[in-house]
Amino acid sequence: MPWKRLASAVLLAAAAAVLPPSAGVSATAAPAETRVDIDVRAGLAGVGDVAVGVNHAIWDSQLGTPAVADLLGDAGVTMVRYPGGSYADIYHWRDHTAPGGYVAPDTDFDTFMAGARRTGAQPMIIANYGTGTAQEAADWVRYANVTKGYGAKYWTIGNENYGNGHYGSAWEADDHADKSPKEYASHVVAYSQAMKAVDPTIKVGAVLTMPGNWPDAIVGSGDQGSWNQEVLTRAGAAIDFVDVHWYPGGSAPADALDRTAHIQDAVYLLKQQISQYAGTNADRIRISMTETNVDVGRNTQPGALFLADAYSSLLAQGVFTVHWWNVHNGLGTVSEIAGETDYNDYGLLSSGNCNADNTVCQPPMNTPFAPYHALSLVGDFAKAGDRFVGAGSNDALVSAHAVRKANGDVAVLLINKDPDASRTVELNYHGFTAAAGTPSVASFTNGADGVATAPAGSASSQTLAPYSISLVTVRAGRTEANSPKAPGKPAATVTARTATISWPAGPAGLKYEVFRQNGGTSEQLGETTGTSLTVGNLDPGRRYTVNVVARDGSGRVSPASPPLTFTTGTPGSSTCTVKFRDVNDWGNGYVGAVDVTSNAAAPVNGWTLTFTWPTGWQSVSSGWSATWNQSGRTVKVTSDGVLAPGATASVGFVGNYSGPNVLPAVFDLNGAVCTSV
């Protein structure tokens, strides 16, 4: 969606009027009961020092102003991105120009850095790939970190460069004759070498696409693989992180709010791609998400709810920084969402401008929109040094996230996505004892002017208003001095049915407990005084996430280890072998091929192959060379043919997906689990 970056050349005109606020939607239904579980033994990602980010743009005349810098600082912003989306690929930092675009006065790099410092945020700088050079980028590093001493650590090479026309859609400037991912990757290597020759301490990122989003999995003309595969294979050794964007789309507020469920699988697939293609020490490569927003309700409560849910979900999965597009953007088509005026503005803050005939105007300049208040709650919720822990809800319209604070307290972020009904939430803690008393609750409700903070409810029960976000901070009822330190990150060796989990040794005398994550209620898999544990009775081809907790002789318990995610295999030998392939992908569907080989000693007269889609957004639309049927997520492929010993039957289908396309890994032929290759 490139137009959002380019449509704001005159976006910050003065406001002529302010629309009166609309009345909020009141709850008419009795509060529904919702169960939320929080398990501190289910450790997720830690929160770093640049977790909460936003975008700045050089066409924004408010960039770097004290008023904006202070608003961002108050919201807990710790990273700001410059010079702004697609403008990065036409921007030349030395003379502060963007040929073909608008540059506002007083938005040069030094002004940006002054604002970032006032905010207390680190910069994320986009080096110009589309119309720039490696030398220009290296000179920028020299100016920033040698001449000026800014210590700018994070640098990305370009912005959405897969949108250069190579796959058909062209919004990103790219002067290179060859617009392939191979060419981009070669320049990433050159940029990285030139920039790190100036300052070896910087971190360099390459542009990838989010799995499940265009053009993920598409192989362009003349390419050997998809954009992500080509870039990682050719430039993986030269980069420190990958940079992705995510706009979930949808024609109604509920669409984007539902699609936060895609995040865990999308990040999992991206990590798989990095591991598979980026070469030696690929696990050093981190992930940044430097643009996200919604299509409906950008300035009202849907945008706020999405921001809180998406930031928390992404950070919990190990994305090291998440950025909203944008600080300011400008008036769009005005509508009413959940009783509130929505200006269809990507900005966190009002631009104060009006439509062409001045009949509709935004609130005064820098008035915070609803997503800003959600951002401030996230800034309070996820601070550097905190660690996300498992949280789960039994209600599809209530999202729950939790962090364990450095002092042992637990903060719980509760998001009620129901626009009409409140929820009474029962909070259940595992591995944590809450202190008595009334917790502090910070809430943002539909139509409110800001976040309200007051003691409310109890550690075990909270009432959520319709379309609201609540941050509940629960004090620890018991603190234990000299508790063991968290064990180091585990590793695993797996078979189809077992996993041997190991971890670094700690001090003598500790007992270790291994837990499997299951939302907010972990399952203990076993315990040992050693540093490894073999777990049996696992399902073939299934993804598991585990943590290790240490307990000393006095019963004091450590925080959870970093999480380990592994997938069990399929039988090394079986009466059948299956090869499943995505042959030709177009971004939301593909032609699939399945080869079924019989390893049985006798002919198989008629066969049924069964598999289950990993997600609810995958389906078969048609198939051939057999009879294809899908019920729920289960697919059955039936043939009356004969499979002779050693023979292979090849069947095909057209598959659809509307989210991350995690391919099935386990196949059953006439009741036997096959070997997958």
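Strands β29 (residues 604–612) and β34 (residues 668–669) run antiparallel and are joined by two bridges. The model is predicted. Within this pair, leucine 609 has leucine 669 of β34 as its bridge partner. Both strands belong to an open sheet of five strands. Its order is β31-β32-β29-β34-β35, and the pairing is antiparallel. The edges are formed by β31 (627–631) and β35 (672–673), each of which pairs on one side only. Strands of a sheet pair through backbone hydrogen bonds, in either a parallel or an antiparallel sense.

Serine 598 lies in another strand, β28 (residues 589–598). Its relative accessibility is 1%; the cut-off for buried is under 20%, so serine 598 counts as buried. What does serine 598 touch, leaving aside residues up to four places away in sequence? The contacts are Thr575, Val604, Leu643, Ala644, Pro645, Gly646 and Ala647. One of them, Val604, falls within β29 (residues 604–612).

A second antiparallel pair is made by β12 (residues 387–393) and β13 (residues 398–404). Three bridges hold this pairing. A hairpin of four residues leads from β12 to β13. Arginine 387 stands opposite arginine 404, which is in β13.

Now the helices. Helix α8 covers residues 263–277, 15 residues in total. From first C-alpha to last, α8 reaches 21 Å, close to the 21 Å expected at 1.5 Å a residue. Which residues of α8 are buried? They are Ile263, Asp265, Ala266, Val267, Tyr268, Leu269, Leu270, Gln273 and Ile274. In an α-helix there are 3.6 residues a turn, so residues three or four places apart point the same way. Just after α8 comes glycine 279, with a positive phi of about 85 degrees.

Helix α9 takes in residues 301–316, which makes 16 residues. The reach of α9 between its first and last C-alpha is 22 Å, close to the 22 Å expected at 1.5 Å a residue. Why is α9 described as largely enclosed by the rest of the structure? Because 16 of its 16 residues are buried. A glycine with positive phi again follows: glycine 318, just after α9, at about 100 degrees.

That leaves the internal space. Rolling a probe the size of a water molecule over the atoms shows where empty space is left. The count here is two cavities of 30 Å³ or more. The largest cavity has a volume of about 40 Å³. Its lining consists of Tyr91, His92, Trp93, Ala127, Asn128, Thr133, Glu136, Ala137, Trp140 and Tyr191. Which element gives the largest share of this lining? Helix α4 (residues 134–147) does, with three residues. By character, the lining of the largest cavity holds six nonpolar residues, three polar and one charged.

The second largest cavity also has a volume of about 40 Å³. His56, Gly64, Val68, Ala69, Leu72, Val80, Gly115, Ala116 and Thr119 form its lining. Two or more of these residues come from each of α2 (66–74) and α3 (109–119). Five residues in the lining of the second largest cavity are nonpolar and four are polar, with no charged residue.

Key. Residues numbered from 1 in each chain as written. Predicted model: local features only at pLDDT ≥ 70, side-chain atom pairs only at ≥ 80, totals over all residues. Heavy atoms only, no water. Expected span 1.5 Å × (residues − 1). Buried < 20%, exposed > 50% of the residue type's maximum accessible area, 1.4 Å probe, protein only. Pairing = 2+ DSSP bridges. 1 Å grid on protein atoms, 1.4 Å probe; cavity = no way out; pocket = protein on both sides within 12 Å on 5 of 7 lines; lining within 4 Å. Points joined across faces, edges and corners; volume = space filled by probe spheres on them. Nonpolar A, V, L, I, M, F, W, Y, C, P; charged D, E, K, R; others polar. Contact = heavy atoms within 4.5 Å.
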